[in-house]
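Please open the model in your viewer and keep the sequence panel beside it. The tour below proceeds by selections, each followed by what is to be found there.

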Amino acid sequence: MRLSLRESRIGYKLLAICLAFGFPLFWLLFTNIKAVNYDIRFNMLEYYGDQYQRPLAVLLENIPKHGRLAIRVKNGEDFLAKELDDVAGSIDSAFSRLLEIDTELGEDLQFTDHGLAIRERSHLMPAMVQERWTGLKTDSSRSSAEEILKMHGELRADIMNMIAHAGDTSNLILDPDLDSYYMMDLTLLALPQTQNRLAEILEFGESVLGAEDLSEDIRRRFDSYA
């Protein structure tokens, strides 16, 4: 015979009341904790992205500088050899720091075989990019000026793509806060793009410095850069 709640023992009544009010409270607590943990994870990934980007910014600054110096030394300006070695040393140090950070944060930022492959960026594994730099550094002394610019340009493009990958996977590109959004936009987008454009302008400018006459095409390119 089924008993109504009114006829149940007091213990059952208390249990029913606890379940009726306890489950919604438990669900509310669970969703709040989940939301807080999501925010913590979101911000931690942004911090990881900042850390990963630091050595990449150093590389983006020094790789085109190395290319221009390598060409000038090849053209007989031997007094720049020491500066060329110093820049190469800065690049080596930046790659060493990048690999250290990658060991610690690379999995979180999807600098893994799978994480890069699904975005068709498998060539951006930090160790592989460092190997290309080592080969470039060795080959520069016996390459033509055009080949030196091409190799350094390709390596610079790799660094730009690594910055973009770190921005995508660290949530930096999704920063929802107005104050920090502008700082993110500056460090992740505006400055790297400006560094890349300045490198292109300097490379082009130095390549035509010895020209006796500037063609119409060269003048148009200068107008475009300006």
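Select Gln110 to begin, which sits in the loop between α2 and α3 (113-117); helices here are DSSP runs of H or I of at least four residues, strands are runs of E of at least two, and both are numbered from the N terminus. At 27% relative accessibility Gln110 counts as partly exposed, a class that lies between buried (under 20% relative accessible area) and exposed (over 50%), with a 1.4 Å probe and protein chains only. The phi of Gln110 is near 60°, a positive value in a residue other than glycine. Most residues other than glycine have a negative phi.

Before going further, note that this is a predicted model, in which local features need pLDDT of at least 70 and side-chain atom pairs count only at pLDDT 80 or more, while totals for chains, interfaces and linings use all residues. Residues are numbered from 1 along each chain as its sequence is written, and side-chain values use heavy atoms, with hydrogens and water left out.

Move next to Glu120, in the loop between α3 and α4, which also has a positive phi, of about 55°, although it is not a glycine. Glu120 is exposed, with a relative accessible area of 72%.

**The whole chain**

Zoom out and colour by secondary structure: the protein comes to seven helices and zero strands, and along the sequence it reads α-α-α-α-α-α-α. Its C-alpha atoms fill a box of roughly 105 × 35 × 25 Å along the principal axes. The radius of gyration is 28 Å, whereas a compact globule of 226 residues would have one near 17 Å; this radius is taken over C-alpha atoms, and the globule rule is 2.2 Å times the number of residues to the power 0.38. Buried residues make up 32% of the 226 residues. Among contacts with a separation of 6 or more, residues 24 or more positions apart account for 70%, contact meaning heavy atoms within 4.5 Å.

**Along helix α2**

Now select helix α2 (residues 81-105), the helix that holds Asp92. Its 25 residues should span 36 Å at 1.5 Å a residue, and its end C-alpha atoms are 36 Å apart, which agrees; the expected span is 1.5 Å times one less than the number of residues. Which residues of α2 are buried? They are Leu84, Val87, Ala88, Ile91, Ala94, Phe95, Leu98, Ile101, Asp102 and Leu105. An α-helix has 3.6 residues a turn, so residues three or four places apart point the same way.

Stay in α2 and pick Leu99, which is partly exposed at a relative accessible area of 24%. Apart from its neighbours within four places in sequence, Leu99 is in contact with Pro126, Ala127 and Gln130. Its C-alpha atom lies 9.6 Å from that of Tyr52, a residue 47 positions away in sequence.

**Charged pairs**

The structure holds ten salt bridges, each being a side-chain nitrogen of Lys or Arg within 4 Å of a carboxyl oxygen of Asp or Glu. Show the side chains of Lys137 and Asp92, which meet in one of them at 3.0 Å, N to O. Lys137 lies in helix α4 (residues 126-139) and Asp92 in helix α2, so the pair ties together parts that are 45 residues apart in sequence.

Turn then to Glu203 and Arg156, whose closest N and O atoms are 2.9 Å apart in a further salt bridge. Glu203 belongs to helix α6 (residues 178-207) and Arg156 to helix α5 (residues 145-169), so this pair joins parts 47 residues apart in sequence. Are these two residues buried or exposed? Both Glu203 and Arg156 are buried.

A third pair to display is Arg72 with Glu77, a salt bridge of 2.8 Å, N to O. Arg72 is partly exposed at 31% relative accessible area, and Glu77 is partly exposed at 24%.

**Last stops**

Select Ser144, in the loop between α4 and α5, together with Lys74; their C-alpha atoms are separated by 8.5 Å, although the residues are 70 apart along the chain.

Finish at Ile10, found in helix α1 (residues 10-74) and exposed, with a relative accessible area of 60%. With Leu14, Ile17 and Phe21, Ile10 makes a nonpolar surface patch of about 450 Å².

How values were computed:
Patch = residues over 30% accessible without salt bridge, like charges linked within 9 Å, V, L, I, M, F, W, Y side chains within 5 Å. Areas by Shrake-Rupley, 256 points an atom, 1.4 Å probe, with all protein chains shown as cover.
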